[in-house]
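Me: I should like to understand the terms used to describe this model. Please set each value against its definition.

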There are 2 protein chains.
Amino acid sequence: MMRLSTKGDYGVRALIDLAIFGGDGPVQRSEIARRQQIPESYLDHLLAQLRRDGFVRSTRGPGGGHELARPADEMCLLHALESLEGSLAPLACLEDEAEDHEHSVLCGQQWVWREIYDETRRRLTAVSIADLAERERQRLRARTTNYTI
Amino acid sequence: MMRLSTKGDYGVRALIDLAIFGGDGPVQRSEIARRQQIPESYLDHLLAQLRRDGFVRSTRGPGGGHELARPADEMCLLHALESLEGSLAPLACLEDEAEDHEHSVLCGQQWVWREIYDETRRRLTAVSIADLAERERQRLRARTTNYTI
DNA sequence: ATATTCTCGACTAACTTGGTCGAGTATAGC
DNA sequence: GCTATACTCGACCAAGTTAGTCGAGAATAT
């Protein structure tokens, strides 16, 4: 159905959470899970992936937890999502590694999707985790004064 | 993984096939399947869906087969794909029916994907099955003179 | 030592994808 | 009305992905 899975959703929310609540020391997985409403044992896998790809680093033991591995404004949404979801190419033949392009099939649609894919990546590159965190901060402030949604 | 499935691929290719080889009478499912390299019994389901949504009509019995239900230049790629794949919204909360928007979660990313989704639909609306068929015709002509790909 | 926190792999249920198959229905032509 | 042709429809199935759970183990602060 061509949809982003919860991996990308949860994982990016974890990064945003770290951007907001990190800063003074590591944040525990259990805290992120509670705040973002993500099953902790599932979040475990997502953080592992983000660690492997250099988005977060972690320390064990009491007082340990997770931190962003680099500044939030140097992390774009595209790369975070690609880490969590794999390639976002809407067609396999648009993948970067696609040397064995079986573009013979569905070649007709290919050019349309190529443009859409390029445009999508351009937009996702222009948004950083810091941008998303800023929006989230505003939303959190608004919630304290608003009636409930 | 956020990818178009073979339903959209096969189904659109079937429509293109009908746009090219229809015109003088119905085209048999077996012919489409052979030309487009699609398992015939699978194509059956896709044509059923396209029939339900008014893209093709069919006649039974000897000499029967499938035809486009309306001119190919009045069928846009977006609607064909939506018939075959369901909504192309990258997030459930972007779906048209999403009244129960649980946009509280992942609200941070939502605006980005909203723009991407709008842009995607705009582009897919601008392309008709007739456009795709024309490209395919050119490709078929080229193949007769080219060395093999 | 011990409690805390992350790490890693195995396992699972539900769902989607990409089909296959067979019984049934409509129809053209004789 | 028979028969061959062609579509129709639902049941079924294997493989892969998603969205988890669980438990044993490793690192570390006190």
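The exchange below takes up the chain, its helix pairs, selected residues and the two DNA strands in turn.

Me: What should be known about the model and its numbering?
Reply: This is a predicted model, in which local features need pLDDT of at least 70 and side-chain atom pairs count only at pLDDT 80 or more, while totals for chains, interfaces and linings use all residues. Residues are numbered from 1 along each chain as its sequence is written, chains are lettered from A and ligands numbered from 1 in the order in which they are written, and side-chain values use heavy atoms, with hydrogens and water left out.

Me: How many helices and strands does chain A have, and in what pattern?
Reply: Chain A has 6 helices and 2 strands. Along the sequence, their pattern is α-α-α-β-β-α-α-α. Helices here are DSSP runs of H or I with at least four residues, strands are runs of E with at least two, and both are numbered from the N terminus.

Me: Why is α1(A) called oblique to α4(A)?
Reply: In general, two packed helices are described by the angle between their axes and the distance between the axes. The axes of α1 (residues 6-21) and α4 (residues 77-85) of chain A come within 9 Å and cross at roughly 130°. That angle makes α1(A) oblique to α4(A). The classes are roughly parallel under 35 degrees, roughly antiparallel over 145, roughly perpendicular from 65 to 115, and oblique for the rest. The axes are lines fitted to C-alpha atoms, for helices over the stretch in contact, and angles run from 0 to 180 degrees between N-to-C directions.

Me: What makes α2(A) and α3(A) roughly perpendicular or oblique?
Reply: These two helices pack at an angle of about 115°, with their axes 9 Å apart. The pair α2(A) and α3(A) is therefore roughly perpendicular.

Me: What is the handedness of the two crossings?
Reply: The crossing of α1(A) and α4(A) is right-handed, and that of α2(A) and α3(A) is right-handed as well. A crossing is right-handed if the near helix is turned clockwise from the far one by less than a right angle, and left-handed if anticlockwise.

Me: Why is Thr120(A) called buried or exposed?
Reply: Thr120(A) has a relative accessible area of 11%, so this residue is buried. The cut-offs are under 20% for buried and over 50% for exposed, with partly exposed in between (1.4 Å probe, protein chains only). Thr120(A) is found in helix α5 (residues 107-125) of chain A. Buried residues make up 46% of the 149 residues in chain A.

Me: What makes the reach from Thr120(A) to Ile116(A) a polar contact?
Reply: The side chain of Thr120(A) reaches the backbone oxygen of Ile116(A) at 2.8 Å. A polar contact is a pair of N or O atoms within 3.5 Å; within protein, one must be able to donate a hydrogen and the other to accept it, and residues adjacent in sequence count only if both atoms are side-chain atoms.

Me: How do you know whether Gln37 in each chain is buried or exposed?
Reply: Gln37(A) has a relative accessible area of 64% and is therefore exposed. Gln37(B), at 64% relative accessibility, also counts as exposed. Gln37(A) is in the loop between α2 (29-36) and α3 of chain A, and its phi is near 60°, a positive value in a residue other than glycine. Gln37(B) lies in the loop between α2 (29-36) and α3 of chain B, with a positive phi of about 60°.

Me: Which residues count as near DNA strand C?
Reply: DNA strand C is surrounded by 27 residues, and the closest are Arg29(A), Arg51(A), Ser58(A), His45(B) and Arg60(B). A residue is near a strand if one of its heavy atoms lies within 4 Å of it. By class, this surface has 7 nonpolar, 14 polar and 6 charged residues. Nonpolar covers Ala, Val, Leu, Ile, Met, Phe, Trp, Tyr, Cys and Pro, charged covers Asp, Glu, Lys and Arg, and the others, Gly among them, are polar.

Me: Which atoms of DNA strand C do Gln28(A) and Thr6(B) approach?
Reply: A polar side-chain atom of Gln28(A) lies 2.9 Å from a phosphate oxygen of DNA strand C, and one of Thr6(B) lies 2.8 Å from a phosphate oxygen of that strand.

Me: Which part of DNA strand D does Asp44(B) approach?
Reply: A polar side-chain atom of Asp44(B) lies 2.9 Å from a base nitrogen of DNA strand D. A side-chain N or O atom of Arg51(B) is 2.7 Å from a phosphate oxygen of DNA strand D.
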